[in-house]
Amino acid sequence: MGKPKFDYALHYAELDLRAHPELYRVGTGEQGVLLVQPYKAEILPHWRFATPEVAHESSEKIYAMFLDYLAQGDFVGADMARKFLQMGYTRSRRYANHKGGKKYDGPVPDDKKGQSGAHGRAELPRSPEDPVKAESARIFKAKWAQAEENADYAARKKAHKAQYG
């Protein structure tokens with residue numbers, strides 16, 4: 001039996017997953033990071049990675065939110081903050097590897113919008129590494145690892161999966 005998948009069929013714009021944590025699935029990686037409310041609205045305004053200074057400030061703020069969600073007993077919020085830290089790393093790396101951040105050739109298919117992945121598109125050649133974005137990625141990766149290693153988070157993640165799948 002594989003890992004539970006993030007349910008893209010739910011109408012996230014109309015759902016408050018703080019009120020309905022039973023509907024939330026951890027999924028894989030960053031799945032749902034730009035969908036799940038009210039967390040998207042709370043965390044996204046703080047998510048930035050243009051320079052290492054901005055990435056440091058952003059990752060610190062999001063990690064503080066991660067800890068606040070845990071302190072409130074809000075696993076979904078903590079997991080969403082963790083996903084934003086992960087996305088800070090992956091997007092910074094994308095821009096470090098691909099000038100302009102465009103990794104794949106062509107548009108995202110209409111039925112795959114909001115989901116990550118190549119969706120059958122070819123990956124574009126890498127540009128010379130951008131050291132500024134690479135440093136931003138390093139900063140986010142360290143905070144993402146700190147979140148993943150948090151014992152309270154790990155216990156809550158295990159409990160959420162056991163209770164809700």
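Okay, before anything else, one bit of vocabulary: a helix crossing is called left-handed if the near helix is turned anticlockwise from the far one by less than a right angle. Keep that in mind, we'll need it in a few minutes. And a caution up front: this is a predicted model.

So, the overall picture. What does the secondary structure of the protein chain come to? Five helices and zero strands. If you walk along the sequence, the pattern is α-α-α-α-α. In terms of dimensions, the C-alpha trace spans about 45 × 35 × 30 Å along its principal axes. The radius of gyration is 16 Å, and a compact globule with 165 residues would be near 15 Å, so the chain agrees with that. Buried residues make up 38% of the 165. And if you take the contacts with a separation of 6 or more, 67% of them are between residues 24 or more positions apart.

Now the inside. In general, nonpolar side chains in soluble globular proteins tend to be buried together. Here the largest nonpolar core has 33 residues. The ones with the most contacts inside that core are Y24, V36, Y39, I43, F66, M80 and F84. Which helices feed it? α1, α2, α3 and α4 each supply at least two residues, and α3 gives the most, with nine.

Let's zoom in on F84, one of those high-contact residues. Skipping its neighbours within four places in sequence, F84 touches V33, L34, K40, I43, L44, W47, I62 and F140. I43 is on that list, and I43 also turns up among the contacts of M65, together with E42 and H46, again with the sequence neighbours left aside. M65 itself is in α2. Is M65 buried or exposed? The cut-off for buried is under 20% relative accessible area, and M65 has 10%, so it counts as buried. From M65 to M80 there are 15 residues along the chain, and their C-alpha atoms are separated by 9.8 Å.

Next stop is α4, where we find A137. A137 has a relative accessible area of 1%, so this one is buried too. Beyond its neighbours within four places, A137 is in contact with Y89, S92 and R93. Compare its position with K113: the two are 24 residues apart in sequence and 24 Å apart in space, going C-alpha to C-alpha.

Okay, back to that definition. Packed helix pairs are described by the angle between their axes and the distance between the axes. For α3 and α5, which is residues 151-164, the axes come within 10 Å and cross at roughly 115 degrees. And the handedness? α3 passes α5 in a left-handed crossing. On the α3 side the contact is made by F75, V76, A78, D79 and R82, and on the α5 side by Y153, R156, K157 and H160. By type, the residues of that contact divide into four nonpolar, one polar and four charged.

Last thing, a backbone detail you may want to look at on the screen. Most peptide bonds are trans. The bond from Q37 to P38, though, is cis, with omega near 10 degrees. Where is P38 found? In the segment before α1. V36 and Y39, from the list of residues with the most core contacts, come up again around there in the numbering.

That's my tour.

Definitions and conventions
Residues are numbered from 1 along each chain as its sequence is written. This is a predicted model: local features need pLDDT of at least 70, side-chain atom pairs count only at pLDDT 80 or more; totals for chains, interfaces and linings use all residues. Side-chain values use heavy atoms; hydrogens and water are left out. A nonpolar core is a set of buried Ala, Val, Leu, Ile, Met, Phe, Trp, Tyr and Cys residues joined through side-chain atoms within 4.5 Å. Buried means under 20% relative accessible area, exposed over 50%, partly exposed in between (1.4 Å probe, protein chains only). Helices (H or I, at least four residues) and strands (E, at least two) are DSSP runs, numbered from the N terminus. Contact means heavy atoms within 4.5 Å. Axes are lines fitted to C-alpha atoms, for helices over the stretch in contact, and angles run from 0 to 180 degrees between N-to-C directions. Ala, Val, Leu, Ile, Met, Phe, Trp, Tyr, Cys and Pro count as nonpolar, Asp, Glu, Lys and Arg as charged, and the others, Gly among them, as polar. The radius of gyration is taken over C-alpha atoms; the globule rule is 2.2 Å times the number of residues to the power 0.38.
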